[in-house]
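Please provide a short briefing on the structure shown below, with attention to its overall make-up, the packing of one helix and a few individual loop residues.

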Amino acid sequence: MENSDQKSYHALALDAYRNGNYPRALHFALSGLKQTPDNADLLCDCGSAYFMLGNYDKAESYYRNAWVLMPASEMVNINLLNVDYTRRRYESALQKAVQILKKNPDSAETLLIVGSIYFEQGRYEDAMRYLTRVLAINPEAFWALNYMGQCAEKTGDFEAALEYGLRAAEVGGEDSQHINYAYTLYECSLEIGQEKVMPYAEKWLDSFSENPIVQYAVAALKNDIAAKASNKVYVQKVFDYFADSFEESLKNLGYRVPECIDGFLKRFYGWKLFRNLEILDVGCGTGWLGGYLAKYVGKGHIYGVDLSVEMLKKARDKNVYSGLYCDDVLHFLEGRFACLDLITAADVFIYFGSLDSLFAKLYQALKTGGRVIFSISQNQTNERDYYLHASGRFQHSWNYVTHVLQKNGFHLEKVKEEVLRYEGGEPVKGWILSARKR
């Protein structure tokens, strides 16, 4: 039997957890366990806090200790199931799910995880069977709606994908659902055309007219000629959301911009015996490019700046940066004069349409003779200087890029045309460029 203090610790941990303060939830749960180490509720509180903090080993350990005390508890078993799912131990997860569903065939959380596993395994019909059961129990289970939409898209039922995705966004109203739906609209537009997608996009915008993610995604679908840069909130939220899967996803798309930039780095810096470079990696993301930069920095420093907090956490784990900053690049460069030898940007300037202010600030921050090495996507659609693609990224004309460089005092010293990645099975062509401050 719990005493009143134990109940208070459990209530305080739950309250902190529900408010997203996972370190505080962990503090209360651990404090309670000091008094009663065999309290299953507090053990689960610890496990859940560690899970949300990304420490799955400790989460699993606390859940298992709770299971020893309460092996028949559906909550404890679902927690262990969720650890298996998150760690992609799918067979183990499915075995646990079978046992839970034997006792409670209407365990919606378990059914959702099974559906999610089958989706990840490419078993879309099996996934939809379980997800349909979730929606029969709770028609507003937005993650089930989301996965149903993704299954429909994978099986070629694009209108169903658009319907389910819109419903998930309407019911969930979370940034994650809006980001997912933005990608659904874009991917479906590649398959069935913009004209069939736009009615869904307009309905989405009508429902969430003040949401910056929705606003920008619909503007991109319309190829809005008035857009001069990507919406900062949109970019931040997208990369926060995809931080965990970012590098793996891009590798699957044949992304090779960091490798291409490294080819330029070898040419300009690979031969020097002594180096003392001050480098800024603009839009550093997870620090993918930083791993290449580390070979050339010598006794200098590498700094990174990015809008996404979650991406910067990944970059910090690379242990190659002297400093990491969460900021917009234009704001970050404000007031920095002639302090850098090299600025790199891998697939960053595609989030700017107009490049003039950007390159003025890059020039200001570089020492005389310093250089910027960057990638840019080709505008092969029309004759405009830049073009907002339905993907939410800008494409630029060659004449415009070279004009901006010249106007802002740069000398173009090297350029190479490359396939930057693939989208929808089609190559995305662009250039890797190096420009030097005169």
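The briefing below moves from the whole protein to single residues.

This is a predicted model. The protein has 438 residues, of which 51% are buried. Its secondary structure consists of 21 helices and nine strands.

**Overall make-up**
- The C-alpha trace of the protein spans about 75 × 55 × 35 Å along its principal axes.
- The accessible surface of the protein amounts to about 20700 Å², and carbon and sulfur atoms account for 49% of that area.
- Of the contacts between residues at least 6 apart in sequence, 61% join residues at least 24 apart.
- The protein carries 49 positive and 55 negative charges, and the mean positions of the two sets are 8 Å apart.

**Packing of helix H20**
- Helix H20 comprises residues 356-365, and its buried residues are Leu358, Phe359, Lys361, Leu362 and Ala365.
- These buried residues lie on the same side of H20, because they cover an arc of only 160° around the axis.
- The general background is that an α-helix has 3.6 residues a turn, so residues three or four places apart point the same way.
- The cover over the buried residues of H20 includes two helices, H19 (329-333) and H21 (398-407).
- Strands also contribute to this cover, among them E4 (340-345), E5 (366-377) and E8 (410-423).

**The loop between H13 and H14**
- Asparagine 223 is located in the loop between helix H13 (212-221) and helix H14 (232-242).
- Although asparagine 223 is not a glycine, it has a positive phi of about 55°.
- For context, most residues other than glycine have a negative phi.
- Serine 230 is also placed in the loop between H13 and H14.
- Serine 230 counts as buried because its relative accessibility is 9%, and the cut-off for buried is under 20%.
- When neighbours within four places in sequence are left aside, serine 230 is in contact with Tyr216, Val235, Tyr351, Gly392 and Phe394.

**The loop between H18 and E3**
- Asparagine 319 is found in the loop between helix H18 (309-317) and strand E3 (323-326).
- The phi of asparagine 319 is near 55°, a positive value in a residue other than glycine.
- Asparagine 319 has a relative accessible area of 68% and is therefore exposed, the cut-off for exposed being over 50%.

Key:
Residues numbered from 1 in each chain as written. Predicted model: local features only at pLDDT ≥ 70, side-chain atom pairs only at ≥ 80, totals over all residues. Heavy atoms only, no water. Buried < 20%, exposed > 50% of the residue type's maximum accessible area, 1.4 Å probe, protein only. Helix = DSSP H or I, 4+ residues; strand = E, 2+ residues; numbered from the N terminus. Arc of directions from axis to C-beta. Contact = heavy atoms within 4.5 Å. Areas by Shrake-Rupley, 256 points an atom, 1.4 Å probe, with all protein chains shown as cover. Lys, Arg positive; Asp, Glu negative; His and termini not counted. Charge placed at Lys NZ, Arg CZ, Asp CG, Glu CD.
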